[in-house]
Structure formats: structure tokens, C-alpha cells
Amino acid sequence: MSSKVIITCAVTGAIHTPSMSEHLPVTADEIANAAIAAADAGAAILHLHARDPENGKPTQDPDYFRPFLSQIKEKTNAIINITTGGSPHMTVEERMLPATTFKPELASLNMGSMNFGLYTMLNRFTEFKHEWERQHLENSRDLVFKNTFNDIETILRIGNENGTRFEFECYDISHLYNLAHFMDRGLVKTPPFIQSVFGLLGGIGPNPEDLMHMRRTADRLFGNNYQWSILGAGRNQIPLATIGAAMGSNVRVGLEDSLWIAPKKLAQSNADQVKQIRTILEALNLEIATPAEARQILQLKGADNINF
């Protein structure tokens, strides 16, 4: 583990829909401005998805990524992390397009197929601006987020050819074992950057005991040769990040993972969540990694070697 904490900010994602929060970035300028503000607040890594500006629907069309990628690169030195997860409703071929096109320093990679239940949010949100939003949630009752061994291997090989490293998103214990399998085959470079995801229906739960189980399993499989990060969904974002950081982890926040800043209070920006977790980390006497330090910790190829 590093002695400095890397803050990742996931700016918009593909889980929440525009009707859930007026603060969710949708257009290229909104995504760029939100990402730049998050970097200014202390995020060393910016995890990025794109949306159709007309209706806010998630898209993996590289043409929707290009406008905000150029703005972010011009105005920050943060590490840009492009999703290969996209949306569970997309094909693997669609999901891979942006990372294949832009060859970023870092890309996300989901480490196993899973049920991905978003439909419970229909209990909280009932009014939608766009019909796709309701369908997006309702259709997850019968949705398997496909990430087969072949899918994972394909993405790894393309990333390795491009010099892209990965944020390995592990939603359950089995995903750690899948990662160990690919490490044993020599397809994953060390140290892996493991993003442990808690609290999404279909994955591991959001309890501190679940976090401890993830940590014990990762220690058993990878020893001390990995970088660990914590992603808590919804109201679990800050509590689990705090517990993880006290145990030596990095942290991830952002409106992709949680729309909230406090109970029943929407976050007005991604930067607000970054500032909140930074305040907690500094109160724990933990140092925040700069983008340059994060590049060194994660052994990235550098911003001069990307295709945008």
C-alpha cells in the first residue's frame, strides 16, 4: 500500500439518470467542468463516462467523449480513467470503443459477470423526464452484466498493447479470484489497482464486515503487492471510504456512485464530495496523492502517451 491516498472521482457514470438530480453532469461542457473542479479539489484520477446531451442516456460513442477529454487534458494534469464498463445494457464491443480509441493511461475493467439490480431505485424516484430512464431501471430486473473470461481477456490484451493500466472493479469476492487467475497467466501487470465495490444489488454488501472480508481475501491472494481502493455506493460512500482509508486504502467518490452529500441532501457537485472525503482524510493525518504521485504509485505510462 502507498503512504499517500489516491482520490478518484467518478463524475457521471451510467447508473443514475438525469431526473434523479439536476446536478448530474450530462453535456460535454458539464462533464468537463465537473471533472476539472474535482481535480482542483484534490482528485488525482477522473473516472469518465459520456452521455447523449439531448437526453442524458449513457453512450460509448467516442465522438461524445472527445469534447470533454480535450478540455480536461488542457486544464488539469489529473489522470484520465476511461470506462470499459459503459452500461450493463451495452455489448462488450460498444463498451470497449472509447478506451481502444483514446488509449488512456488508465481504464476500468469489471472482473466478472453479475446480476446488476437498479430497479429498487424506482421506489425512490417515480417522475422521469425521459422514458428511457424508467426502462433503464425496470429492465435491470432481468439483467446480467456480462463480463466473461473471454471479455476480460480481450480487454486486457488490447489495454496491454496500448500501455493502458486498469482499475479492476471487483463487486464480489469471486472477482478477486478472477483477477488472481489473470495475474497467474501473466496478463495483469503488478501492482494491480483494485477498486472494491460495495452496496450494489447483485454484488457484495455494504457492511464493514464485507469490507474486511474483501481485504482479507485480497491480502491472501496478492500479499502486499497491490493498490487497494474503496467504492461505496449511495449512502455508503463516505463511511466505507473512511474505514478503508484508515486501513490503508485509496478512495473513490463522485456522482456516478452516489448522488448524496448528507442524509436526504443531494450533492451539488462532484467537487463537494471530493472536498468532503479530503477533509476526512486530512483529519486522519493522511496525505493526499498528487496526480504525479499517483502516476508513480500505479506505474502509469504518462499523459504524453495517450491518443487525445
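Contact here means heavy atoms within 4.5 Å, and the structure on your screen is a predicted model.

Begin by selecting H136, which you will find in helix 4, the helix that spans residues 131-138. With a relative accessibility of 6%, H136 counts as buried, because buried means under 20% relative accessible area. Now show the residues around H136: once its neighbours within four places in sequence are left aside, H136 is in contact with A14, I15, T17, S87, H89 and L118.

Keep I15 selected and turn to the cavities, of which there are 3 with a volume of 30 Å³ or more. The largest cavity has a volume of about 190 Å³, and among the 22 residues that line this cavity, I15, F116, E169, Y171 and E256 are the closest to its centre. If you colour the lining of the largest cavity by class, you should find 10 nonpolar, 8 polar and 4 charged residues.

Next, select helix 8, residues 237-246, and highlight its buried residues, which are Q237, I238, L240, A241, G244 and A245. These residues lie on the same side of helix 8, because they cover an arc of only 165° around the axis. An α-helix has 3.6 residues a turn, so residues three or four places apart point the same way.

To see what the buried residues of helix 8 pack against, add strand 11 (193-198), helix 7 (208-222), strand 12 (227-232), strand 13 (250-253) and helix 9 (270-283) to the view. Finish the tour just after helix 8, at G248, where the backbone takes a positive phi of about 105°.

Methods
Residues are numbered from 1 along each chain as its sequence is written. This is a predicted model: local features need pLDDT of at least 70, side-chain atom pairs count only at pLDDT 80 or more; totals for chains, interfaces and linings use all residues. Side-chain values use heavy atoms; hydrogens and water are left out. Buried means under 20% relative accessible area, exposed over 50%, partly exposed in between (1.4 Å probe, protein chains only). Helices (H or I, at least four residues) and strands (E, at least two) are DSSP runs, numbered from the N terminus. The arc is that of the directions from the helix axis to the C-beta atoms. On a 1 Å grid over the protein atoms alone, a cavity is a set of points where a 1.4 Å probe fits but cannot get out, and a pocket is an open set with protein on both sides within 12 Å along at least five of seven lines; lining residues have an atom within 4 Å of a point. Grid points are joined across faces, edges and corners, and a volume is the space filled by probe spheres set on the points. Ala, Val, Leu, Ile, Met, Phe, Trp, Tyr, Cys and Pro count as nonpolar, Asp, Glu, Lys and Arg as charged, and the others, Gly among them, as polar.
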